[in-house]
Amino acid sequence: MMDSLIFLGLMFVGTFFLGLNDVLQRRYLLKGVNEQILLGFSFLVVGVITFLSLFVFGFPEIKSGFWQALGITAALGVISQNVFMRALKIGEASMVSPLRLLTPPLVIITGFLVLGEVTSLWGIIGIFITIAGVWFLFPPAESVGIFHNFLKNLARPEVVLGILGSLLFAISFPFDKKAVVTSSALFLTATFFFVVGSATLLLSSFRRNFRRELKSVWQWRYAVLSTGFILILGALLTSQALNYSLASYAASAKRMWSFWTVLLAGKFLSEKHIGRRLGASAVMFSGILITVFLG
């Protein structure tokens, strides 16, 4: 029971910072910052600062399997993080972020295949309750039926990108946990964010306008630094929580991230349909509670 409370506490606070980061990213993207520049440099800020902190807190023992797990999750992260950043650029944060709740059911499968974890019946029930919120996510349309409206919204570019990102998160999540237990949350945060940030900027350098966009980094330095520092808090707390739960349960609890994003998007971005999307997040949260305390 104590492990569950520690786990939920770390996730509750950590996902708040991740939700706040979503809202800040969306705000800066609306102001015109390039998404690769924002993602690449903010991730580098996280990587460098957490790496330097290892000299204070100490480097962990690197156990067998860490580098393989890091390589896989970082490679998937380069794609998934850029996909989700693009989705945030073209779609509302309160619409895109809840799509992450599609990840937990898929982690049931990937957690079993990668880590050999078996989810209990209550855990499975709770996880599937979280995805029921998808039906409440989209506003109803009077001219078409509910199911037709649901399919229509699923075809929106930001939704397609959000779903793709969630699929990639599901594949990488068990490797996140494996990397944490074979090193530490701090070391994984440092290496993962540095690799993904560097790779994003390296791949972006092949674009024709990259040099011109690179000159804007100083203009957006506060955006990069603020999102970077908030990411550090969110990433460290949620990574540390992986030590206290199964991967499939942790993936479900981490979806509180979406709840905070919706709440904060309504407050600071004045996005529409916040009440409905909070309702969807409430359904998700009930599934999280079932998963953590009964699973």
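# Exercises on an all-residue census, salt bridges and loops

Of the 295 residues in the protein, 54% are buried (under 20% relative accessible area; exposed is over 50%, partly exposed in between; 1.4 Å probe, protein chains only). The model is predicted: local features need pLDDT of at least 70, side-chain atom pairs count only at pLDDT 80 or more, and totals for chains, interfaces and linings use all residues. Residues are numbered from 1 along each chain as its sequence is written, and side-chain values use heavy atoms, with hydrogens and water left out.

## Exercise 1: the overall fold

Task: count the helices and strands, then compare the radius of gyration with the globule rule.

Solution.
- Step 1. The protein has 15 helices and zero strands. Both are DSSP runs, numbered from the N terminus: helices are H or I with at least four residues, strands are E with at least two.
- Step 2. The radius of gyration is 18 Å, and the globule rule gives 19 Å for 295 residues, so the protein is as compact as a globular protein of that length. The radius is taken over C-alpha atoms, and the rule is 2.2 Å times the number of residues to the power 0.38.
- Step 3. Along the principal axes, the C-alpha atoms fill a box of roughly 55 × 45 × 30 Å.
- Step 4. The accessible surface comes to about 13,100 Å², with 70% belonging to carbon and sulfur atoms. Areas come from the Shrake-Rupley method with a 1.4 Å probe; for residues, only the protein chains shown count as cover.
- Step 5. Take the contacts (heavy atoms within 4.5 Å) between residues at least 6 apart in sequence: 87% join residues at least 24 apart.

## Exercise 2: a helix pair

Task: describe how α5 and α6 pack, and classify the residues of their contact.

Solution.
- Step 1. Helix α5 spans residues 103-115 and helix α6 spans residues 121-132. They pack at an angle of about 145°, with axes 8 Å apart. Axes are lines fitted to C-alpha atoms, for helices over the stretch in contact; angles run from 0 to 180 degrees between N-to-C directions.
- Step 2. P104, P105 and I108 of α5 meet I124, I127, F128, T130 and I131 of α6.
- Step 3. These residues divide into seven nonpolar, one polar and no charged. Ala, Val, Leu, Ile, Met, Phe, Trp, Tyr, Cys and Pro count as nonpolar, Asp, Glu, Lys and Arg as charged, and the others, Gly among them, as polar.

## Exercise 3: salt bridges

Task: trace the salt bridges of D22, R26 and E35, and give the burial of each partner.

Solution.
- Step 1. The structure holds seven salt bridges (a side-chain nitrogen of Lys or Arg within 4 Å of a carboxyl oxygen of Asp or Glu).
- Step 2. D22 pairs with R100, the closest N and O atoms being 2.7 Å apart. D22 is in helix α1 (residues 2-30), R100 in the loop between α4 (93-96) and α5, 78 residues apart. D22 is buried at 1% relative accessible area, and R100 is buried at 3%.
- Step 3. R26 pairs with E271, closest N and O atoms 4.0 Å apart. R26 is in helix α1, E271 in the loop between α14 (256-268) and α15 (274-294), 245 residues apart. Both R26 and E271 are buried.
- Step 4. E35 pairs with K89, closest N and O atoms 3.7 Å apart. E35 lies in helix α2 (residues 35-57) and K89 in helix α3 (residues 66-90), so the pair ties together parts 54 residues apart in sequence. E35 is buried at 8%; K89 is partly exposed at 27%. Shared partners join E35, R86 and K89 into one network.

## Exercise 4: two buried helix residues

Task: which residues do N21 and R277 contact, leaving aside neighbours within four places in sequence?

Solution.
- Step 1. N21 is in helix α1 and is buried at 3% relative accessibility. N21 contacts T227, I230 and L231. N21 and T261 are 240 residues apart in sequence and 8.3 Å apart in space, C-alpha to C-alpha.
- Step 2. R277 lies in helix α15 and is buried at 2%. R277 contacts E92, S94, M95, L137, V262, E271 and K272.

## Exercise 5: positive phi

Task: find the phi values of S270 and H273, and place both residues.

Solution.
- Step 1. Most residues other than glycine have a negative phi.
- Step 2. S270 has a positive phi near 55°. S270 lies in the loop between α14 and α15 and is exposed at 60%.
- Step 3. H273 has a positive phi of about 60°. H273 is in the loop between α14 and α15 and is partly exposed at 39%.
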